[in-house]
Amino acid sequence: MSLGVGIIGTGVMGADHARTLARTGGGAHLVAIADADADRAGRVAAEVGARRTHAEGHALIADAEVEAVLIASPDHTHADLVLACLKAGKPVLCEKPLASTTAECQKILDAEMALGRRLVQVGFMRRFDPAYTAMKAALQGGEVGAPVMLHCLHHNAIMPAFFETEMLITNAAVHEIDIARWLLGQEIAYATAFQPATNAAVPDRMLLVLETASGVLIDVALFLNAHYGYDVRAELVCERASLARAPRDPVVLRSAASEGSAMATDWRAHFEAAYRLQLQHWLRSIKEGQPTGASAWDGYATTAIAAACVAAAKSGQRTRIELPPRPAFYS
Ligand code: ISE
């Protein structure tokens, strides 16, 4: 039986998720698209074959034919819409972040635990990226030894126009925060932020140094106006080996006394497999009743750690991160 899906938000990510679902199916079909921009919602719905549109997210969530919801609306709307999905008992894949504050995340945790079943998945899609999953498998295999350091580079070609101060961390670096927690299976205990000089009105560059409770170091070099391309790298240095993500394009072009490989210009192309696999695993998890991907607790932890990174950037101090114990419901 095909699952009826509704998508809230037809910006860059919402429209892309709609196209991916329409292209790959996965035992689901698009029932409705919601956006305040009626013309854009109508165009996306027509393009992907959705049956109807709604002017806002709550109407889509209330739509009887919508059995599962994908939230890709602006960050500040996520918490309210996720809570509405929980109240309606509908599984939800929410683009990161789960919510803008830990207080809002806590309301979602409380609501999901009161419901007694996992319905929330947070859109940290790198957990489905073949390179990161291979790195995690190699680490878990034990041959490479214990992790020592994780080097991360996160460059955007052009910083998204909607970026405001702090979003360098809360919108971009959250991916490294989540993937580090997932890869290492450890919580992050300290954050230090180094802000290179910039004339940009909104900070577009930063070096974060995170430390896990066991002393693994994670450095994250962020630069969102790199211009040359969209470039995300990771190298996990372990006691007996190092594991690094390979260049995205497997072909190295050698010509005119130079060599190189093609790069993506933004995250949708660079992480195409991750977004597609995330969607397919989400749909399968709904059918099988087996949660997958980042939980609401992961969303809470990442929002809390990002807030500590923002505080560290403001203070210039190494900042301790105190997370409450993970609820047993999320173990
Ligand atoms: C965007 O939302 C993403 O998820 C990308 O992975 C990140 O590189 C970009 O900076 C974010 O705005």
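## Ligand surroundings and two sheets in a predicted model

An oxygen atom of the ligand lies 2.8 Å from an N or O atom in the side chain of Lys-96, and this report on a predicted model starts from that contact before turning to the sheets and helices. The residues around the ligand are Lys-96, His-154, Asn-156, Pro-160, Phe-163, Asn-171, Ala-172, His-175, Tyr-230, Trp-267 and Tyr-275. Distances from a ligand oxygen atom to a polar side-chain atom are listed here for Lys-96, Asn-156 and His-175.

| Residue | Side-chain atom | Ligand atom | Distance |
|---|---|---|---|
| Lys-96 | N or O atom | oxygen atom | 2.8 Å |
| Asn-156 | N or O atom | oxygen atom | 2.8 Å |
| His-175 | polar atom | oxygen atom | 2.7 Å |

Lys-96 also takes part in a detail of the backbone, since a cis peptide bond with an omega of about -5° joins Lys-96 to Pro-97. Pro-97 itself lies in the loop between β5, which covers residues 92–95, and α5. Another backbone detail is found at His-227, which has a positive phi of about 70° although it is not a glycine, and which is placed in the loop between β10 and β11. As background to both details, most residues other than glycine have a negative phi, and most peptide bonds are trans.

The strands can be taken sheet by sheet. Strands of a sheet pair through backbone hydrogen bonds, either parallel or antiparallel.

One open sheet has six strands in the order β3-β2-β1-β4-β5-β6, with parallel pairing. Its edge strands, each of which pairs on one side only, are β3 (52–54) and β6 (120–123), and neighbouring strands of this sheet are turned by 25° against each other on average, with direction ignored. Within it, β1 (residues 3–8) and β2 (residues 28–34) run parallel and are joined by six bridges, with Leu-3 standing opposite Ala-28 of β2.

Another open sheet has seven strands in the order β12-β11-β7-β10-β9-β8-β15, and its pairing is mixed. Here the edge strands are β12 (242–244) and β15 (319–320), each of them pairing on one side only. Next to the edge strand β12, β11 forms three bridges to β12 in the antiparallel sense, where Leu-236 stands opposite Leu-243 in β12, and a hairpin of three residues joins β11 to β12. β11 also pairs with β7 in the antiparallel sense, over eight bridges, and Ala-234 in β11 is the bridge partner of Cys-152. Elsewhere in this sheet, β8 (residues 188–194) and β9 (residues 205–212) run antiparallel and share six bridges, with Ile-188 opposite Thr-212 in β9.

Helices lie across strands of this seven-stranded sheet. Helix α6 (residues 130–141) lies across β7 (147–155), β11 (231–238) and β12, and runs at about 5° to β11. Helix α7 (residues 167–184) lies across β7, β8, β9, β10 (217–223) and β11, and runs at about 150° to β7.

How are helices α4 and α5 arranged relative to each other? Helix α4 (residues 78–88) and helix α5 (residues 102–115) pack at an angle of about 5°, with their axes 10 Å apart; because angles under 35 degrees count as roughly parallel, α4 and α5 are therefore roughly parallel to each other. On the α4 side, the contact is made by Ala-79, Val-82, Leu-83 and Leu-86, while α5 contributes Glu-104, Lys-107, Ile-108, Ala-111, Glu-112 and Leu-115. Sorted by character, the residues of this contact comprise seven nonpolar, no polar and three charged.

Key:
Residues are numbered from 1 along each chain as its sequence is written. This is a predicted model: local features need pLDDT of at least 70, side-chain atom pairs count only at pLDDT 80 or more; totals for chains, interfaces and linings use all residues. Side-chain values use heavy atoms; hydrogens and water are left out. Two strands pair if DSSP finds at least two bridges between them. Helices (H or I, at least four residues) and strands (E, at least two) are DSSP runs, numbered from the N terminus. Contact means heavy atoms within 4.5 Å. Axes are lines fitted to C-alpha atoms, for helices over the stretch in contact, and angles run from 0 to 180 degrees between N-to-C directions. Angles under 35 degrees count as roughly parallel, over 145 as roughly antiparallel, 65 to 115 as roughly perpendicular and the rest as oblique. Ala, Val, Leu, Ile, Met, Phe, Trp, Tyr, Cys and Pro count as nonpolar, Asp, Glu, Lys and Arg as charged, and the others, Gly among them, as polar. A residue is near a molecule or strand if one of its heavy atoms lies within 4 Å of it. A polar contact is a pair of N or O atoms within 3.5 Å; within protein, one must be able to donate a hydrogen and the other to accept it, and residues adjacent in sequence count only if both atoms are side-chain atoms.
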